[in-house]
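Here are a few short exercises to work through with the model open beside you. Try each task before you read its solution.

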Amino acid sequence: MATQTISGAARGAKTRPIPVRKITNEDLNQSLRQGFDDFTDLRGDLVFAGLIYTLIGLAAVVMTTSAPLMPFFFPVVAGVALLGPVTAVGFYELARRREKGQDVHWFNFVDVRKRPSVDDMGMVAGLLLLIFFGWLLAAGALYALIFGWATPTSIGDFLAMVFTTPRGWMLIAAGAVVGAVFGWLVLALSVASLPMLVDCDVSASEAVSASWRASHANKSEMIRWGIIVTALLVLGSIPLFVGLAFVLPWLGYSTWHLYTRLVDRDQIPAQRRRRD
């Protein structure tokens, strides 16, 4: 468990920045183990994961298999992960209740809508949605730059263009680099902010600031976390996104436990902490 607390630069006289901690790779491992324990104890979340996440993934596939949108197939499927932190807020609520020893039922997944900070969650969600659209625009620009405006006539032609041509591999390489930038941006902005908004009565700006500072104070650990998340999401998407019913709840619970290590919650005034 991390022991070193890091304070951010002053943001004003009225509000002291929420302190963040320096963590280690062992904190990442512990977070994954605790998240798995939560998953095995709270299996009712499979209803949400199975019905919501799998359907979202399949809808993304269906929408992008028409000829005009086919070049967005991979960006949309990959970009769904950029919105994952928003859909994970229900898991944060379940993990928070379990941490406090409260009764936990599957319907508590939607209790976040009762939080005073729900509007601030909406602001962070809107920010991540803008980043998602930015990623789609960047991916579309890369495709147009490398392949021009030609539209593939079938899925087979599109896959052949991408995986069997030098320009296709150039697109894959460039897309991976650009995607990593967008992925880091989402991770740094959301890894602690959305769990904090479930946990405390703070503003969106305070939560995002703490998340950003915590991520940059632990860059190597956060890069490793991002690689783990990406690898698990890829595995969970095969086949037909069914594996996400397991992966996404696990990652959601694990992210909650990572948040408790990244942020020094003891330094948040008691009146701003949830009492239920």
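A salt bridge here is a side-chain nitrogen of Lys or Arg within 4 Å of a carboxyl oxygen of Asp or Glu. The model is a predicted one, in which local features need pLDDT of at least 70, side-chain atom pairs count only at pLDDT 80 or more, and totals for chains, interfaces and linings use all residues. Residues are numbered from 1 along each chain as its sequence is written, and side-chain values use heavy atoms, with hydrogens and water left out.

**Exercise 1.** Find the salt bridge between R265 and D199, and place both partners in the chain.

*Solution.* Start with the distance: the closest N and O atoms of R265 and D199 are 3.2 Å apart. Next, locate the partners: R265 sits in the segment after α12 and D199 in helix α9, 66 residues apart. Helices (H or I, at least four residues) and strands (E, at least two) are DSSP runs, numbered from the N terminus. Finally, check the cover: R265 and D199 are both buried. Buried means under 20% relative accessible area, exposed over 50%, and partly exposed in between (1.4 Å probe, protein chains only).

**Exercise 2.** Is D264, the salt-bridge partner of R21, buried or exposed?

*Solution.* First the pair itself: D264 and R21 bring their closest N and O atoms to 3.3 Å. The two belong to distant parts of the chain, D264 in the segment after α12 (244–262) and R21 in strand β2 (residues 20–22), 243 residues apart. Now the answer: D264 counts as buried because its relative accessible area is 6%. R21 is buried too, at 13% relative accessibility.

**Exercise 3.** Compare the cover of R115 and D201, which also form a salt bridge.

*Solution.* In this pair the closest N and O atoms are 2.8 Å apart. R115 lies in the loop between α5 (89–99) and α6, and D201 in the loop between α9 (193–199) and α10 (204–217), so the bridge ties together parts 86 residues apart in sequence. R115 is buried, with a relative accessible area of 8%, whereas D201 is partly exposed at 32%.

**Exercise 4.** How do α1 and α11 cross?

*Solution.* Take the axes as lines fitted to C-alpha atoms over the stretch in contact, with angles from 0 to 180 degrees between N-to-C directions. For helix α1 (residues 25–41) and helix α11 (residues 219–236), the axes come within 9 Å and cross at roughly 35°. Then list the contact residues (heavy atoms within 4.5 Å): among them are L28 and L32 of α1 and W225 and I228 of α11.
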